[in-house]
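Reader: I am in my first year and should be grateful for a close look at one part of this model. Please set it in its surroundings and explain each term as you use it.

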Amino acid sequence: MLDVISGLFSGSALGVLVKTSGAALTLLVVVPALMKLFLVTVDEGSTAIRTRNGKPIIRRVRGADDGRGEVVVLRPGTHGAFPIFYWYRLVDVRARSTDLPARSLTAASGHQHLVHASFDWRPIVSGHDLRVLELDVVNVRERAGNIVGAALRDLVHQLDGAVLPPNDLLSPRVVSACSDLVRTDCGIELLRVIVTGDALTDGYLLSQAITPRPADPQSAEWDAAASVLATRLSSV
């Protein structure tokens, strides 16, 4: 037994052992490391932008009206990478939601609504839109929120009555009014706008409570606005 063990570490047997170990180490460690270095894998829900020295590569498009060009985009899959010349920045292109700040909006009839809303959006996977998303907009959420909020305000200004329409009617109108501007300025697709809360403001309740009403049988009925205002004032 000792002769067998000593024979493994002597002469040609030791050389064979070293070569075999080196080959195994190369297959298990070196080759996978090189594959990972020279291949980039883009998963579903993401895309990649080709960069050089940390900056996205901009290519000009012949015949395009917009002279700003576009970035080089890699879709999901495995692509060759060249670390000396090019590298890639992954961009999450899954849908996400952003809340709008609560705003007091006045309808055409004078009703004031305290509106809580949010909008769903996702980056558009194209060279031009991702260039706008990555380079031209400082804060995509803030810029898109301002555009969507302005469109929602303009639509509410045109509505009559004290109750906003349901989301299945209001959302398509808001999206249709500002989706093109959101894509042009932010490079994203506006999916839907959702009103998560709608309440009459204290200003409207106060105006309804102090407004004189004609003397008729209906004036003796319970006034919901005055009751709510009285409850709030009494709590203060």
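Author: Of the 236 residues in the protein chain, 28% count as buried, a word that stands for a relative accessible area under 20%, while exposed means over 50% and partly exposed lies in between (1.4 Å probe, protein chains only). The model is a predicted one, in which local features need a pLDDT of at least 70 and side-chain atom pairs count only at 80 or more, whereas totals for chains, interfaces and linings use all residues. Residues are numbered from 1 along each chain as its sequence is written, and side-chain values use heavy atoms, with hydrogens and water left out.

The chain holds seven helices and 12 strands; these are DSSP runs numbered from the N terminus, helices being H or I with at least four residues and strands being E with at least two. Its mean pLDDT (the predictor's confidence in each residue, from 0 to 100) is 79, and 67% of the residues reach 70 or more. Confidence is highest in helix α5, at a mean of 95, and lowest in helix α1, residues 2-8, at a mean of 50. Where pLDDT is low, the predicted coordinates should not be read in detail. Among contacts (heavy atoms within 4.5 Å) between residues at least 6 apart in sequence, 72% join residues at least 24 apart.

The part chosen for the close look is helix α5, with its two packing partners α3 and α4. Two packed helices are described by the angle between their axes and the distance between the axes. Helix α3, residues 127-136, packs against α5, residues 167-186, at an angle of about 70 degrees, and their axes are 7 Å apart. Here the axes are lines fitted to C-alpha atoms, for helices over the stretch in contact, and angles run from 0 to 180 degrees between N-to-C directions. The angle therefore makes α3 roughly perpendicular to α5 (65 to 115 degrees; under 35 is roughly parallel, over 145 roughly antiparallel and the rest oblique). On the α3 side the contact is made by D129, V132 and L133, and on the α5 side by R183, T184, D185 and C186. By class, this contact has three nonpolar, one polar and three charged residues. In that scheme Ala, Val, Leu, Ile, Met, Phe, Trp, Tyr, Cys and Pro are nonpolar, Asp, Glu, Lys and Arg are charged, and the others, Gly among them, are polar.

The second partner is helix α4, residues 140-157, whose axis lies 9 Å from that of α5 at an angle of about 145 degrees. From α4 the contact draws on V140, R143, A144, I147, V148, A151, L152 and L155. From α5 it draws on L170, R173, V174, A177, C178, L181, V182, D185 and C186. By class, the contact of α4 with α5 comprises 14 nonpolar residues, no polar ones and three charged ones.

The surroundings of these helices can be followed residue by residue. G127 belongs to helix α3 and counts as buried because its relative accessibility is 11%. Apart from neighbours within four places in sequence, G127 is in contact with E70, V71 and V73. From G127 to V73 the C-alpha distance is 5.9 Å, although 54 residues separate them in sequence. V61, in the loop between β4 (58-59) and β5 (70-71), is partly exposed because its relative accessible area is 39%. Its C-alpha atom lies 9.8 Å from that of H128, 67 residues away in sequence. H111, in the loop between β10 (103-106) and β11, is buried, with a relative accessible area of 15%. H111 and V156 are 45 residues apart in sequence and 9.9 Å apart in space, C-alpha to C-alpha.

Two strands complete the picture. S118 is found in strand β11, residues 112-123, and counts as buried at 5% relative accessibility. Leaving aside neighbours within four places in sequence, S118 is in contact with S97, T98, D99, L100, R192, V193, I194 and T196. D99 sits in strand β9, residues 96-99, and counts as exposed at 63% relative accessibility. With the same neighbours within four places left aside, D99 is in contact with A117 and S118. D99 and T196 are 97 residues apart in sequence, yet their C-alpha atoms are 9.4 Å apart in space.
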